[in-house]
Structure formats: structure tokens, C-alpha cells
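Subject: Handover of a structure and notes on its contents

Dear colleague,

Please find below the structure that I am handing over to you. My notes on it follow directly after.

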Amino acid sequence: MTPVNIKKWEANLESRPNMHILQTSAWGLFKQNHGWYPKYLLTDDAGAQILFRRLPFGLTFGYIPKGPVGKNWEKIITEAISLCQQENAFVLYIEPDMWENEDRSCSLISRGFSSSPISIQPRRTMVLSLMGREEEWLNKMKQKTRYNIRLARKKEVVIKRSNDIKLFNDLIKVTGSRDKFGVHTAQYYEDVFELFSKNQDCVLLIAKYKKTPLAGIMVFARGERAWYFYGASNNLERNRMPTYLLQWEAIRWAASRGCTEYDLWGIPDEEPDILEKDFMSRSDGLWGVYRFKRGFGGEIKRTAGVYQKVINKPFYTAYSMLMKIRKIQA
């Protein structure tokens with residue numbers, strides 16, 4: 001099978017309005033500016049955007065984020081493996097757009113895939129239902145979260161839409177330094193916002209007190225789903241609780257787009273009882289953001305994870321050893 005061009009892939013998207021945003025051509029074009037390149041495969045009832053990561057010596061690895069799409073995966077998986085061989089990929093990672101209890105891994109296992117030890121996108125998340133009225137969403141939240149939303153309004157925090165990516169980058173640098181986590185380059189956020197805001201599939205909201213920016217959030221939407229991917233705040237006026245009102249307005253924006261789900265995108269990969277027991281005592285990794293996100297009353301869900309098909313075992317073994325060394329050194 002010959003990969004289809006981007007126009008045919010985009011035409012395919014029109015019949016799949018609830019397909020995950022990471023399978024859109026816009027995401028592929030965005031990643032093309034950051035070390036990847038996309039290829040598109042289509043059969044009668046399935047399809048896949050495959051991202052290939054360029055590596056030294058002409059090698060690559062393939063990755064299908066939140067796909068394949070469609071009902072019948074058998075043929076598309078076979079074609080994806082063949083395309084990986086053509087692109088000199090030593091491994092293909094597939095991360096289905098499914099929850100753990102919806103796992104359709106039999107289609108993958110029967111073609112030599114196995115559960116991968118790596119995680120690419122966050123394995124566990126919280127999803128808010130946007131069905132019903134705003135009062136119903138608020139009632140599902142923790143009392144302290146509702147209080148902080150009202151407090152931010154009372155303390156004159158104002159939320160506005162913005163195109164000021166430089167401002168967002170300034171905020172996220174402060175966030176990364178304060179909370180000790182890695183952030184992307186300024187160009188990364190500029191590129192993703194430019195591509196997705198063209199079709200109004202992305203919004204940047206900024207929280208301000210008077211004329212002083214305090215926090216920002218970048219949220220994406222497609223079909224009935226919205227995703228909170230990137231958030232940032234500085235160290236000013238934090239007693240005004242700007243991030244709570246900011247998240248609330250992002251939820252309202254998603255609902256105005258017709259979304260019925262809002263994915264808070266990433267919490268510690270622990271069982272609910274562990275999350276509830278330890279959230280006040282831990283701050284490493286995603287624990288800090290979990291304390292914030294849990295207040296919005298979402299349902300904890302876990303994805304089906306990543307599956308891998310090793311195509312060239314010697315190169316895969318060498319690459320795995322290199323990644324372990326880098327992790328130890330980091």
C-alpha cells in the first residue's frame with residue numbers, strides 16, 4: 001500500500017469528527033518542525049497517521065499516537081509494519097485511543113506486538129463530563145475548588161483570550177523553574193498554537209490582575225473532546241487563585257465548542273486509593289498538578305498504554321541500552 005497524501009488524510013478526518021487530535025494532519029505538520037515526519041495510511045474502514053522520528057545513521061522509529069482510527073485494524077497494522085520497514089524503522093510503537101478496559105490489543109498481539117515498558121503520552125488522566133448545566137459541573141467539584149473560582153473573581157482576576165505566545169512562554173519558563181519540570185522551546189509553543197488556532201481548535205487564555213499577567217492555559221478541542229495540554233503561571237498574586245478561574249473558563253470554552261468531555265491530561269499513574277492517600281504528602285512528578293486537578297471532580301481513567309513491534313532487534317537493543325544510560329545520567 002502506498003501512503004496517501006495529506007489532502008486524502010484530511011478528507012478522511014471529515015468523516016471522523018471525534019478522532020483524537022493527535023491523529024490530525026495539523027499535529028503531524030506541527031511535529032514535522034520538531035524532528036519527526038508524518039505518513040498517512042488508509043484502508044476502506046481504517047487509517048493511521050504514523051510519525052517517524054529521525055535518528056542517526058539513517059534510522060527511524062515509528063509511532064502511531066492515539067490510533068489507528070476506524071474499526072478494522074488488521075490490514076492497516078500490516079501495512080504500517082511494511083511502511084516502517086521501508087522507512088528503516090527498527091521499532092513501531094502504537095498507542096491506541098482507548099481506555100484500559102476497552103483494550104483491543106488482540107489485533108496487535110496477533111501481529112507480534114507486545115505491551116511496551118515505555119510511556120509516551122500520560123497513562124492516567126482525569127476526564128470531566130460536560131453534560132448538563134454549569135451548576136452540575138460545579139457541584140461535582142471539591143468545595144475548595146468552587147471557593148477558589150469564586151475567590152479569583154472576587155479578587156478581580158480577569159480571563160481573556162490572547163494570541164500572545166511570547167507572554168505564555170515567559171510564564172511557562174517561570175513555571176518550569178519553580179516546579180522543576182522540563183518545558184519545550186519557545187518555538188514549540190509558537191508552532192502548535194499557530195497551526196491549531198487557525199481552525200479555532202485551540203485557545204490561549206491569560207489570567208490578569210489589573211494589567212499584570214498571572215497565568216496562561218492552552219487548550220485544544222476536536223469533536224466532542226477537549227484536552228488541557230499546556231499551562232503556566234508566574235509567582236505573582238498567587239493568593240488570588242488565578243489558575244482556578246483560568247481552568248474554569250477553559251472548561252466553559254470547551255463546552256461552547258460542543259465538547260462533552262474535558263481531559264485534564266496527566267496525573268500520577270497510581271491506583272485511585274494511592275492517589276487519594278498520598279496527594280497531600282507528595283510533590284514529585286505529577287503529584288503537584290494532581291492536587292490541583294483532583295478538585296475539578298473528574299473521573300480517573302487509565303489508557304490502554306503503548307504496544308511495540310520490534311522490526312530490527314539489534315538496533316532496538318542498542319537504542320534501549322542508550323536510553324537507559326541517558327536516564328541514569330539524567
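How many salt bridges does the structure hold? The count is 17 salt bridges, and I should say at once that the model is a predicted one.

**Salt bridges**

One of these pairs is Arg225 with Asp97, whose side chains meet at 2.8 Å, N to O. Arg225 belongs to strand β11 (residues 225-233), whereas Asp97 sits in the loop between β5 (89-95) and α4 (106-109), so this salt bridge ties together parts that are 128 residues apart in sequence. With a relative accessible area of 17%, Arg225 is buried, because the limit for that class is under 20%. Its partner Asp97, at 29% relative accessibility, counts as partly exposed.

Arg252 takes part in a salt bridge with Glu134, and the closest N and O atoms of this pair are 2.8 Å apart. Here the residues come from two helices, Arg252 from α9 (residues 242-256) and Glu134 from α5 (residues 134-140), so the pair ties together parts that are 118 residues apart in sequence. Arg252 is partly exposed at 33% relative accessibility, and Glu134 is partly exposed at 30%.

Arg252 also meets the side chain of Glu249 in a salt bridge, at 2.9 Å from N to O. These two residues are three apart within helix α9, which means that about one helical turn separates them.

In addition, there is a network of salt bridges that links Glu100, Arg123, Arg124, Asp269, Glu271 and Arg302.

**Cysteines**

How many disulfides does a search of the whole structure find? The search finds zero. For Cys202, the nearest cysteine sulfur is that of Cys259, 12 Å away, and Cys202 is in no disulfide. Cys259 is likewise in no disulfide, its nearest cysteine sulfur being that of Cys202 at 12 Å. The 12 Å separation rules out a bond between them, because a disulfide requires the sulfur atoms to be within 2.5 Å. Cys202 is buried at 6% relative accessibility, and Cys259 is buried with a relative accessible area of 3%.

**Helix packing**

Helix α2 (residues 25-32) is mostly covered, with six of its eight residues buried. The buried residues are Ser25, Ala26, Trp27, Gly28, Phe30 and Lys31. They pack against α1 (6-14), β1 (36-42), β2 (46-54), α8 (186-197) and β11.

Helix α8 also meets α7: the axes of these two helices come within 10 Å and cross at roughly 135 degrees. The two helices are therefore oblique to each other, and their crossing is right-handed. On the α7 side the contact is made by Ile165, Phe168, Asn169 and Ile172, and on the α8 side by Ala186, Tyr189, Glu190 and Phe193.

Is Asn169 buried or exposed? Asn169, which is found in helix α7 (residues 165-179), is buried, with a relative accessible area of 4%. Leaving aside residues up to four places away in sequence, Asn169 touches Thr185, Ala186, Tyr189 and Glu190.

**Backbone geometry**

Some backbone features may be of interest for your work. Most residues other than glycine have a negative phi, and most peptide bonds are trans. Against that background, a cis peptide bond joins Gly67 and Pro68, with omega at about 0 degrees. Pro68 lies in the loop between β3 (60-65) and β4 (69-70).

Glu156 is not a glycine, yet its phi is positive, at about 70 degrees. Glu156 is placed in the loop between α6 and β8 (157-161) and counts as partly exposed at 48% relative accessibility. Glu237, also not a glycine, has a positive phi of about 50 degrees. The loop between β11 and α9 holds Glu237, which is partly exposed with a relative accessible area of 32%.

**A pair distant in sequence**

Lys154 is found in helix α6 (residues 143-154) and is exposed, with a relative accessible area of 71%. How far apart in space are Lys154 and Arg240? From C-alpha to C-alpha they are 8.6 Å apart, while 86 residues separate them in sequence.

With kind regards

Conventions. Residues numbered from 1 in each chain as written. Predicted model: local features only at pLDDT ≥ 70, side-chain atom pairs only at ≥ 80, totals over all residues. Heavy atoms only, no water. Helix = DSSP H or I, 4+ residues; strand = E, 2+ residues; numbered from the N terminus. Buried < 20%, exposed > 50% of the residue type's maximum accessible area, 1.4 Å probe, protein only. Contact = heavy atoms within 4.5 Å. Salt bridge = Lys/Arg side-chain N within 4 Å of Asp/Glu carboxyl O. Axes fitted to C-alpha atoms, helices over the stretch in contact; angles between N-to-C directions. Parallel < 35°, antiparallel > 145°, perpendicular 65-115°, else oblique. Left-handed = near helix turned anticlockwise from the far one by under 90°.
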